[in-house]
Amino acid sequence: MKQKDQFDNLEKHTQWGIDVLEKFIKFVKERTEIELSYAKQLRNLSKKYQPKKNSREEEEYRYTSARAFLATLNEMNDYAGQHEVISENMTSLITGELTRYVQELKQERKSHFHDGRKAQQHIETCWKQLEASKRRFERDCKEADRAQQYFEKMDADINVTKADVEKARQQAQLRHQMAEDSKAEYSSTLQKFNSEQHDHYYTHIPHIFQKIQEMEERRIVRIGESMKTFAEVDRQVIPIIGKCLDEITKAAESIDHKNDSQLVIEAFKSGFEPPGDVDFEDFTQPMKRTVSESSLSNSRGDGKSEPKFGGKSKGKLWPFIKKNKGAGPEDFSNLPPEQRRKKLQQKVDELNRDIQKEMDQRDALTKMKDVYIKNPQMGDAASVDHRLAELGQNIEKLRLEVQKFEGWLAEVEGRLSMRSEARRQSGLYEAQNPSAVNSCAQDRESPDGSYTEEQSQETEMKVPATDFDDEFDDEEPLPTIGTCKALYTFEGQNEGTISVAEGEMLYVIEEDKGDGWTRIRRNEDEEGYVPTSYVEVYLDKNAKDVYKSLEKISE
């Protein structure tokens, strides 16, 4: 029973040891998550304060203090990278290794305690056999005594027949023989039990306890080594972190206050001479008042601005240029051509930057793998193979995305070139009608792709109706020139557009003029523009000819 208690105590202690290992693994995992989160926050912080491209901030970086701040941001990005290295190394060298070791430790512990329980059960079985043999021997001895006493009683009784006496004698001999056999069996069982008990307490159990002790000592050594690794992982990045901090200090020392002040002076100096003294005005001689030519009032008069002609212009925004707040199609086909081209170009540039970023990561991991191959004690080279494969797949996907968006971009640029050609041909009309051209709104197309019309308040002139006025200000609806079938569902979220459902049949009232939009009508109250690529148009030849004739007449 005492031995069983010891097994229970050992079982509880070894389980506690495994719990300590798992607690340490959990501690390191949480540390790696903190390192990754800290690195991510540092990178986001650095990115947040990076200068925006094509912004005023870029001009500010001519000052040494601004350049030093930019260098600090870049170094903080590298600083964040070292915390990512800490997380990766702790994951691979500690959590991964210890997790595998804990599984092996559990199996070994289970095996040792199984052997101990088995040995315990064996000795208990031997003890039960000994007790059974002992009780049988005791019972047979008592039966033999009773049979002997019965025989002696029968032999002394003169009234008992000789046959009964003989039968009692034979029974007494049989019981005596059974008692002798039980004695021999009990003696043999006792010797066997003593031998098994000796082996159990002096061989089997000590051997099992020795294995459990060795297992426990290996666990203690392993957790100590892991704690050393925990410190070494931090110590390995200290030189690089120190270098980052040295670069920040160097950037701070490079700040030149004299140079920055001189730049401010050069940027904001006016070049004007200070005004002269104000002369005395003698009011005792009213008719001879004089004002000094060098007075401030004169200089102010000289600086008087010329009157501006023209008042506030009225602008008319092209209806479907309104910014779409919802999520549009992937190819930006819901936007006008110029805005679509810009969006596609931005997307291509963004994907190219992502490709370069992935390639940089791949190059860095490749270098790390080479270092691991040359110095296996620093890490397992095979541990980065999976990440390298992922980066290769990501780069291939991004390149396919670039090809897709470049195809859409080429399509849009082709349409814009056709539109430019059409505008060039319309120059003949402008040359023949200069007065009409001059009276048209200035700067019809703004840099962001919107269309405006401006008219002076002082000189209002009636000019021929423009295409935009025809499209939106006519009271008479345009005639239909054909029908169309919606190939895809289009959510017309911008002003001037119309929503259509896939498979819906509608009327065409104005075909694509090279800008990628077709004007359609559902009923008398519902009409608007949809992307030409979203519909299949069936033009009525006769109606189309009439429509072109009306256009020529309006010109």
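## A question to start

In strand β4, which residue is the bridge partner of R521? The residue is E527. Before we look at how this pairing fits into its surroundings, please keep in mind that the model is predicted.

## The chain as a whole

Let's begin with the overall picture. The chain contains 12 helices and 5 strands. Of its 555 residues, 28% are buried. The accessible surface of the chain is about 38,100 Å², and carbon and sulfur atoms hold 52% of that area.

Contacts can be looked at by sequence separation as well. Taking those in the chain with a separation of 6 or more, 71% are between residues 24 or more positions apart.

## Strand β3 and its two partners

Back to R521, which belongs to a strand with pairings to β2 and β4. Strand β3 covers residues 517-521, and 5 of its 5 residues are buried, so the strand is largely enclosed by the rest of the structure. Its side chains split between two directions: W517, R519 and R521 point one way, while T518 and I520 point the other way. Both groups are buried.

To one partner, strand β2 (residues 505-510), β3 is joined by 3 bridges, and the two run antiparallel. Here R521 appears again, as the bridge partner of Y507. The β2 and β3 strands make a hairpin with 6 residues between them, and in the turn G514 has a positive phi of about 100 degrees.

To the other partner, strand β4 (residues 527-531), β3 is joined by 5 bridges, again in an antiparallel arrangement. This is where R521 meets E527 as bridge partner. The β3 and β4 strands are also linked by a hairpin, through 5 residues.

## Two residues in the helices

Is R219 buried or exposed? Its relative accessibility is 5%, which is under the 20% cut-off, so R219 counts as buried. This arginine lies in helix α4, which spans residues 162-253. Leaving aside residues up to four places away in sequence, R219 touches W16, G17, I18, V20, L21, Y101 and L105.

F69 offers another case. The residue sits in helix α3 (residues 64-156), and its relative accessibility of 37% means that F69 counts as partly exposed. Together with L45 and Y49, F69 makes a nonpolar surface patch of about 280 Å².

Key: Residues are numbered from 1 along each chain as its sequence is written. This is a predicted model: local features need pLDDT of at least 70, side-chain atom pairs count only at pLDDT 80 or more; totals for chains, interfaces and linings use all residues. Side-chain values use heavy atoms; hydrogens and water are left out. Helices (H or I, at least four residues) and strands (E, at least two) are DSSP runs, numbered from the N terminus. Buried means under 20% relative accessible area, exposed over 50%, partly exposed in between (1.4 Å probe, protein chains only). Contact means heavy atoms within 4.5 Å. Patches are made of residues with over 30% relative accessible area and no salt bridge: like charges are joined within 9 Å, nonpolar side chains (Val, Leu, Ile, Met, Phe, Trp, Tyr) within 5 Å. Accessible areas come from the Shrake-Rupley method with a 1.4 Å probe; for residues, only the protein chains shown count as cover. A salt bridge is a side-chain nitrogen of Lys or Arg within 4 Å of a carboxyl oxygen of Asp or Glu. Two strands pair if DSSP finds at least two bridges between them.
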